[in-house]
Amino acid sequence: MADLTSFQAFIQCKCPRCRKGDIFTGSAYSYKLQKTNINCPHCNLKFEREPGFFYVAMFVSYAMNVAEIITIGVASYVLGLPLIYENLWYYVSLILFGVLLCSPINYRYSRVILLHYLTPGLHYVPGSGDLIHKV
Ligand SMILES: [Zn+2]
C-alpha cells in the first residue's frame with residue numbers, strides 16, 4: 001500500500017510520523033464518546049508530547065470557532081430573508097446551532113492541526129513502525 005500524502009494523512013486524522021495509525025478511536029459523529037489514542041497503534045508515537053500538550057489545541061479550536069461564527073453570520077445575512085435581518089435571535093440561534101454541529105470536527109481537527117503543523121520536531125518518517133508489525 002502506498003503511503004498517504006501529508007494532506008491525506010491530515011484529512012484522515014492519521015499519525016503525523018507514520019501516516020498509518022489513527023489518532024482517534026471511532027468516527028467524529030458516532031454515538032460513542034470520541035477519544036484520542038494515547039499512542040499511535042502503528043508506530044507507538046505518544047500523541048500527548050508533554051503534560052498538558054492538548055491544552056494548546058483549545059487555541060486552535062478557538063480560531064476555528066471564530067472563523068465558523070463569522071462564516072455562518074455572514075452567510076445567514078447574505079442568504080436570509082429581509083424580514084429576519086432585524087431579529088438578533090435569528091443569528092444567535094443559527095450560530096449556536098452551527099457551532100454545536102461543528103464541535104466534533106473542531107475537537108478532532110484542532111488536535112490534528114496541532115500535531116501535524118504546529119509541533120516542532122515531529123515529521124514524517126517513512127517506514128516507522130513497520131518493524132513492529134512485521135514480527
Ligand atoms: Zn504512527
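Here is a chat about a predicted model of one protein chain, with the reasons behind the labels.

Me: How do you know how far to trust this model?
Reply: The chain averages a pLDDT of 88, and 92% of the residues score at least 70. That confidence score runs from 0 to 100. Among the elements, helix α1 (residues 6–11) has the highest mean, 93, and helix α4 (residues 130–134) has the lowest, 69. Where pLDDT is low, the predicted coordinates should not be read in detail.

Me: What makes up the secondary structure here, and in which order?
Reply: You get four helices and two strands. Starting at the N terminus, the order is α-β-β-α-α-α.

Me: Why is the chain called more spread out than a compact globule?
Reply: For 135 residues the globule rule gives 14 Å, but the radius of gyration is 19 Å, well over that, so the chain is more spread out than a compact globule. As for the box, the C-alpha atoms fill roughly 65 × 35 × 30 Å along the principal axes. Also, 18% of the 135 residues count as buried.

Me: What share of the contacts links residues 24 or more positions apart?
Reply: Counting contacts with a separation of 6 or more, that share is 56%.

Me: How do you know that the span of helix α2 agrees with its number of residues?
Reply: Do the sum with 1.5 Å a residue: the 24 residues of α2 (residues 56–79) should span 34 Å. The end C-alpha atoms are 35 Å apart, which agrees.

Me: Which residues of α2 are buried, and what covers them?
Reply: A57, S61 and M64 are buried in α2. The cover over the buried residues of α2 includes α3 (88–117).

Me: Where does UniProt place the feature "transmembrane region"?
Reply: The record, an unreviewed entry, puts that feature at residues 53–76 and 88–107. In the model, residues 53–76 are 88% helix and 0% strand, with end C-alpha atoms 36 Å apart. Residues 88–107 are 100% helix and 0% strand, and their end C-alpha atoms lie 28 Å apart.

Me: Which residues touch the most other members of the largest nonpolar core?
Reply: This core has 13 residues, and C15, I23, C40, C43, L45, F47 and L115 touch the most other members. The elements giving two or more residues to this core are α2 and α3. Helix α3 provides the largest share, four residues.

Me: What does F47 touch, leaving out residues up to four places away in sequence?
Reply: F47 touches I23, T36, N37, I38, N39, C40 and L115.

Me: Why is R19 called buried or exposed?
Reply: The cut-off for buried is 20 or more other C-beta atoms within 10 Å. R19 has 24 other C-beta atoms within 10 Å, so R19 is buried. You'll find R19 in the loop between α1 and β1 (24–25). Leaving aside neighbours within four places in sequence, R19 is in contact with D3, L4, A9, K14 and Y124. The C-alpha atoms of R19 and C40 are separated by 9.7 Å, and these two residues are 21 residues apart along the chain.

Me: What about C13, in the loop between α1 and β1: how do you know which label fits?
Reply: A residue is exposed at 12 or fewer, buried at 20 or more, and partly exposed in between. C13 has 18 other C-beta atoms within 10 Å, so C13 is partly exposed. C13 also has a positive phi of about 55°, although C13 is not a glycine.

Me: And which label does N44 get, and why?
Reply: N44 has 15 C-beta neighbours inside 10 Å, so N44 counts as partly exposed. Its place is in the loop between β2 (35–36) and α2. N44 isn't a glycine either, yet N44 has a positive phi of about 65°.

Me: Last one: what makes T25 buried, exposed or in between?
Reply: T25, found in strand β1, has 13 C-beta neighbours inside 10 Å, so T25 counts as partly exposed. The cut-off for exposed is 12 or fewer. Not counting residues up to four places away in sequence, T25 touches Q34, K35 and N37. The C-alpha atoms of T25 and Q8 are separated by 18 Å, with their positions 17 residues apart along the chain counted as the distance apart.

Notes. Residues are numbered from 1 along each chain as its sequence is written. This is a predicted model: local features need pLDDT of at least 70, side-chain atom pairs count only at pLDDT 80 or more; totals for chains, interfaces and linings use all residues. pLDDT is the predictor's confidence in each residue, from 0 to 100. The radius of gyration is taken over C-alpha atoms; the globule rule is 2.2 Å times the number of residues to the power 0.38. Two residues are in contact if their C-beta atoms, placed from the backbone, lie within 7 Å. The expected span of a helix is 1.5 Å times one less than its number of residues. UniProt positions are given in the numbering used here, feature names are shortened, and annotations may be inferred rather than shown by experiment. A nonpolar core is a set of buried Ala, Val, Leu, Ile, Met, Phe, Trp, Tyr and Cys residues joined through C-beta atoms within 7 Å.
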